[in-house]
Amino acid sequence: MQVRIPNHRPPFALGASSRVALGILLSKIAGLVRDLIFAHFFGSSVVADAFRGAMRIPNLLANLLGEGVLSASFVTVYAKLLAFGEKEAAEHLAAAVFGILGLFCSVLVIVGVLLAPYLVDVITPGFGGERRALTIQIVRILFPGAGLMVMSAWCLGVLNSHRRFLLSYTAPVMWNAAMIATMLLLGGLRQRELAIDLAWGSVIGSGLQFMVQLPRVLKLLPAFRPVLGRHSEHVRVVVRNFGPVFVSRGVVQVSAYIDSIIASWLPIGAMAYLVYGQALAMLPIGLFSMSVSAAELPALSGAVGNQEEIGGFLRRRLSLGLRRIAFFVIPSAAAFLVLGDVIAAGIYQSGKFTHNDAVFVWAVLAGAAVGLLASSLGRLYSSAFYALLDTRTPLRFAIIRVTITTALGFFSALVLPGWLGVNARWGVAGLTASAGVAGWVEFTLLRRALARRIGATPLGVDFIAKLWSMALIAAGAGFGIKIALGTDHPKPLLIIVVVAYAILYFAGTMAMGVEEAKTALLTFMRPFRLK
């Protein structure tokens with residue numbers, strides 16, 4: 001079989017997924033710095049709830065039209081054109097998608113600003129009074145930034161297709177840096193005024209994230225001129241795929257926004273806890289699942305040959321990708337479950353954010369641990385379907401997932417705490433746990449459907465057992481360290497626990513003969529080798 005994707009790199013250069021992971025790591029670190037500064041100034045206050053709720057509304061637009069949809073509809077076609085050497089057609093496709101996307105985003109941003117009060121009532125119906133008014137004001141400021149984020153995702157799609165991963169995934173550092181600078185420079189203001197200025201800082205950061213990628217994109221598209229025409233067959237294919245993928249990704253995003261709707265009915269602080277916890281839970285998904293999926297999609301889409309050859313190629317690439325994801329995500333899930341308070345306190349505890357707040361974030365992380373592996377592996381399975389230009393199968397399963405998430409979420413968050421006689425804020429753990437159960441259902445359906453198309457891609461019970469056993473042993477050791485040292489100094493405690501956890505996990509899996517442990521160590525050590 002022939003796969004026309006360049007694979008030449010210097011001896012000490014990082015592989016594609018490693019470059020994506022490095023870019024995501026840098027942006028996630030910047031995001032964590034942003035969140036810990038946010039926690040310091042806002043804690044779990046009314047203003048924190050309002051800002052977190054407001055951020056989710058325009059982000060819906062960015063997430064719907066952004067990386068996920070463009071990867072599944074645009075990148076799959078664009079990468080295949082590059083694989084066949086049709087550079088002129090690929091450049092025309094990129095220009096047409098830019099023009100259509102720009103027009104679509106402009107209209108949606110205007111509509112979003114005008115309809116902000118209604119959107120707030122839909123996404124956060126439990127907000128009232130001061131929380132609702134402030135949320136509406138922040139939403140109106142943030143919407144133009146969401147449009148810029150979508151155009152930034154177009155840049156990412158072009159760069160990824162040309163295997164330029166590092167810049168595209170490092171670019172969000174600019175967005176985070178703008179927000180960090182805003183808080184540090186204006187932190188002396190009252191919380192309400194600071195939240196407004198922070199929203200403007202977010203818009204500026206969105207523009208910087210787009211502009212830092214644009215020069216490199218224009219070098220790859222030397223004859224670039226935005227157009228709106230759909231006369232190209234390739235443009236029509238992207239537009240046809242865009243609808244189902246938009247709905248499919250929309251269904252997934254609706255799942256996250258159902259969490260916001262339910263959390264808005266919980267006591268003050270619950271919305272902030274949910275977002276703090278989800279930001280941490282997304283870290284391993286971004287680093288290990290998104291990095292592998294993003295790196296694999298252009299290669300999967302560029303595969304050529306007969307159906308049997310393509311199926312064999314997909315199975316091999318998927319099997320390797322699934323093992324890499326599981327190797328890192330399983331210890332992440334174990335850490336969230338056993339050491340969530342250490343993680344939350346070590347990152348967020350400062351100023352207005354107390355250790356009691358960290359315990360509630362731990363509940364969110366423990367709930368997220370339920371479905372962390374399923375969500376991570378499911379993303380790669382979805383990429384395989386998109387590479388096969390099948391956008392409808394993931395859509396059907398996503399609808400099932402959202403239905404389950406909604407039913408379980410309402411019960412677990414709003415009903416179960418009352419039955420158990422516990423603080424209603426604990427309902428946030430029910431939200432993430434419900435999403436995790438639904439994620440396993442979706443993962444199972446995706447795996448079975450893909451197996452019927454290309455054959456099975458099993459991980460192996462022995463492999464999974466080795467990872468879980470070492471992860472739980474390492475987590476237990478970390479818990480013992482917490483008991484021995486106490487929680488009075490959360491940041492040093494986090495460093496000690498993480499270092500001990502990583503050493504135990506890597507040493508244990510290497511002793512068990514897990515190949516991914518050796519590969520990860522070699523990747524880490526490569527830059528330090530002598531030429």
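**View 1. An enclosed space among the helices.** A cavity, as the word is used here, is a set of grid points where a 1.4 Å probe fits but cannot get out. In this predicted model, the count comes to three cavities of 30 Å³ or more. This close-up is on the second largest cavity, with a volume of about 70 Å³. Its lining is made up of Met55, Pro58, Asn59, Leu142, Gly145, Ala146, Met149, Trp175, Ser202 and Ser206. Three elements give two or more residues each to this lining: α2 (46–65), α6 (129–161) and α9 (191–220). Helix α6 makes the largest contribution, with four residues. If you are curious about the chemistry of the walls, the lining has six nonpolar and four polar residues, and no charged ones.

**View 2. Helices α6 and α9 side by side.** Here we stay with two of the helices that line the cavity of the previous view. The axes of α6 and α9 cross at roughly 10° and come within 8 Å. Angles under 35 degrees count as roughly parallel, so that is how α6 and α9 lie to each other. By class, the contact of α6 with α9 has 21 nonpolar residues, joined by eight polar and three charged ones.

**View 3. The meeting of α4 and α5.** Next, please look at helix α4 (residues 87–114) and helix α5 (residues 116–123), which pack at an angle of about 80° with their axes 5 Å apart. Since 65 to 115 degrees counts as roughly perpendicular, α4 and α5 are described in that way. From α4, the residues in contact are Gly112, Val113 and Leu114, and they meet Ala116, Pro117 and Leu119 of α5. This contact holds five nonpolar residues and one polar residue, with no charged residue.

**View 4. An aromatic pair, Trp265 and Phe410.** A search of the whole structure finds 19 aromatic pairs, and this view picks out one of them, Trp265 with Phe410. The ring centres of Trp265 and Phe410 are 6.2 Å apart and the planes stand at 45°, so the pair is tilted. Where do the two partners, Trp265 and Phe410, lie? Trp265 is in the loop between α10 (233–263) and α11 (270–301), while Phe410 belongs to helix α15 (residues 392–420). The pair therefore ties together parts that are 145 residues apart in sequence.

Technical notes
Residues numbered from 1 in each chain as written. Predicted model: local features only at pLDDT ≥ 70, side-chain atom pairs only at ≥ 80, totals over all residues. Heavy atoms only, no water. Axes fitted to C-alpha atoms, helices over the stretch in contact; angles between N-to-C directions. Parallel < 35°, antiparallel > 145°, perpendicular 65-115°, else oblique. Contact = heavy atoms within 4.5 Å. Nonpolar A, V, L, I, M, F, W, Y, C, P; charged D, E, K, R; others polar. 1 Å grid on protein atoms, 1.4 Å probe; cavity = no way out; pocket = protein on both sides within 12 Å on 5 of 7 lines; lining within 4 Å. Points joined across faces, edges and corners; volume = space filled by probe spheres on them. Phe/Tyr/Trp six-rings, centres within 6.5 Å; stacked < 30°, edge-to-face > 60°.
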